[in-house]
Amino acid sequence: MEKELDQVRARKEKLEKLKGMGVNPYPYSFKRTAYSTEIKENYEEFEDKKVKVCGRIKTRRLHGKAGFVHIEDDKGEIQIYFKYDTLREKYSIVKLLDLGDFIGVEGKVFRTKTGEITVWAEEITLLSKALHPPPEKWHGIKDVETRYRQRYLDLMSNKEIRGLFRRRAEIIKGIREFLDERGFVEVETPILQPVYGGAFATPFTTYYIKLKKNFYLRISDELYLKRLIIGGYERVYEIGKNFRNEGIDRTHNPEFTAMEVYQAYADYRDMMELFEDMVIYLARKIYGKEEIQYDGKTISLKKPWRRISYFEALKKYTGEEWRGLSFEETKKLAEKLGLEVEEKRIKGKILESVFERFVEPELIEPAFVVDYPADITPLAKNKRDDPGLVERFEAFIGGVEVANAYSELNDPEEQERRFEEQLKLKEREEYDRDFVRALYYGMPPTGGLGVGIDRLVMILLNASSIREVILFPQLREE
RNA sequence: GGGCCGUUAGCUCAGCUGGUAGAGCACCGGCCUUUUAAGCCGGGAGUCGCAGGUUCGAAUCCUGCACGGCUCACCA
């Protein structure tokens, strides 16, 4: 803080006065006997009984020799009444309280003239002096930049934001409940990886001094989880951060929470059902119904979700046939639709651009897009009756991609060929050779599912941007 | 990276075709022993995002930059 605000100076003066009175402004603990809402919801039980409550001062109305404040705790707010006749010399502490201070109060529960359930303070304990004034009580913090940079101000002044991140936690807990009930084992795999893999993305690079070697923050945990299937687990999942050194926008944060699930003896169709069931489970958990509101629309999550093949979807939303075109023809057609495709070396990547531009925004109701071109999907099995495609789906809700899944490729020689092919096309400098070695020992048929947790939370909680559901989203330095 | 928009007191915001910065909350002082967006009286608080330019004069017009938002492009 460069220049001291006069309000900060005033608070520091009060702090010195309190110290002079023998008050410790930063004591160690307080034994609460009841939360604000408990008292208000069970008034008959608490009436005229002594309670100890604590929290942060949110509003204050002092009248000379009496006064009211509202304190906020983890559950809600409750009013406190201070009266000179009751507190006597302790009333001088009340006069030095500011909005934002934490206090503990002991006293009897009563109703005021206007009927509000209130604690009549007999003891007052300062629990922490705030030296900076809080945001404005009525409007809270609105400035988006301040909300993200100083999230604590957003949380302290906008209680719906606190509620939102609680619901985020419920969703993640719900995912664990759902998978644990079905016999999945939660595991942890390396975030620091010597070779990155499992996705196409630029990694964050770091340097391991003792080993004198570059390491990478993982872009995906896919290859490690499959090693666990090879090791003999039949159902595993991991929830954790991935890191991708790419742009930031409404649906991308460089550091994001992903979940991957692998199930032996299953294929991508099984993963579709698993994902449908999981999302429905979560919606029921938070809303009690199989329906959500997103971006002003009501979206039904009822099974079965729409299945549409990748090329069908492209045809339907562009009016053009893309299947079977050469690289040059694909490029030409994409350019005709107004896309820039100069830097794309692979046909599949051009199609991806077309898909994102024309198809994704249309996929509002939940949809599984299935059967992708093979050249952009090196980790999936060829489609059983159409080897030009792979058994892969992406799930979309509200126009946002929320999941990606494969019938996992478990043929070690085929996997090795595909990795070598990527090296030749200079798509990658190196690949995870130990993963291929692991496949040589045999991996059962396996279905794998990756879910962007932040995006899923964003959809389920009707947030307009991924930043609204990440506590500390990435921003440039101030 | 392109386009559009924004940045004024701690917070929420006004500030017109350029004339020297305002309100509410918050803060300080006074009165007030059941108030609740407490009230009444008085007061203080600003590098108008930063740097240039135009002008007698710039929060206001112009240029550049920074940060943020939306959007397009990029991006598994």
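Contact is taken as heavy atoms within 4.5 Å, and a buried residue has under 20% relative accessible area, an exposed one over 50% and a partly exposed one a value in between (1.4 Å probe, protein chains only). Helices (H or I, at least four residues) and strands (E, at least two) are DSSP runs, numbered from the N terminus. The structure is a predicted model, in which local features need pLDDT of at least 70 and side-chain atom pairs count only at pLDDT 80 or more, while totals for chains, interfaces and linings use all residues. Residues are numbered from 1 along each chain as its sequence is written, chains are lettered from A and ligands numbered from 1 in the order in which they are written, and side-chain values use heavy atoms, with hydrogens and water left out.

The buried residues of helix α8 pack against α6, α7 (151-157), β10 (235-243), β11 (255-264), α10 (268-287) and α16 (453-460). Among the buried positions of α8 are I161, L164, F165, R168, I171, I172, I175, F178 and L179. Helix α8 comprises 23 residues (159-181), and its end C-alpha atoms are 33 Å apart, in agreement with the span of 33 Å expected at 1.5 Å a residue; the expected span is 1.5 Å times one less than the number of residues. The helix is followed by G183, whose phi is positive, near 85°.

A nonpolar core is defined as a set of buried Ala, Val, Leu, Ile, Met, Phe, Trp, Tyr and Cys residues joined through side-chain atoms within 4.5 Å. The largest such core has 52 residues, and those with the most contacts inside it are I175, M259, F275, M278, F393, L449 and V451. Helix α10 gives the most to this core, with 11 residues. A second, separate core of 42 residues includes I308, L314, V341 and L389.

RNA strand B is surrounded by 57 residues, the closest being T114, K137, E145, F200 and E246; a residue is near the strand if one of its heavy atoms lies within 4 Å of it. The surface near the strand has 19 nonpolar, 11 polar and 27 charged residues, where Ala, Val, Leu, Ile, Met, Phe, Trp, Tyr, Cys and Pro count as nonpolar, Asp, Glu, Lys and Arg as charged, and the others, Gly among them, as polar. Elements that each supply at least two residues of this surface include α1 (6-20), β1 (50-62) and α13 (347-359). Of the strand atoms within 4 Å of the protein, 59% belong to sugar or phosphate and the rest to bases.

Polar contacts are pairs of N or O atoms within 3.5 Å; within protein, one must be able to donate a hydrogen and the other to accept it, and residues adjacent in sequence count only if both atoms are side-chain atoms. A backbone N or O atom of R476 lies 2.7 Å from a phosphate oxygen of RNA strand B, and a polar side-chain atom of E356 lies 2.8 Å from a base nitrogen.

Several backbone features occur outside these elements. Most residues other than glycine have a negative phi, and most peptide bonds are trans. K303 and P304 are joined by a cis peptide bond with omega of about -10°, and P304 is placed in the loop between β13 (297-300) and β14 (306-309). Y265, in the loop between β11 and α10, has a positive phi near 65° and is exposed at 55% relative accessibility.
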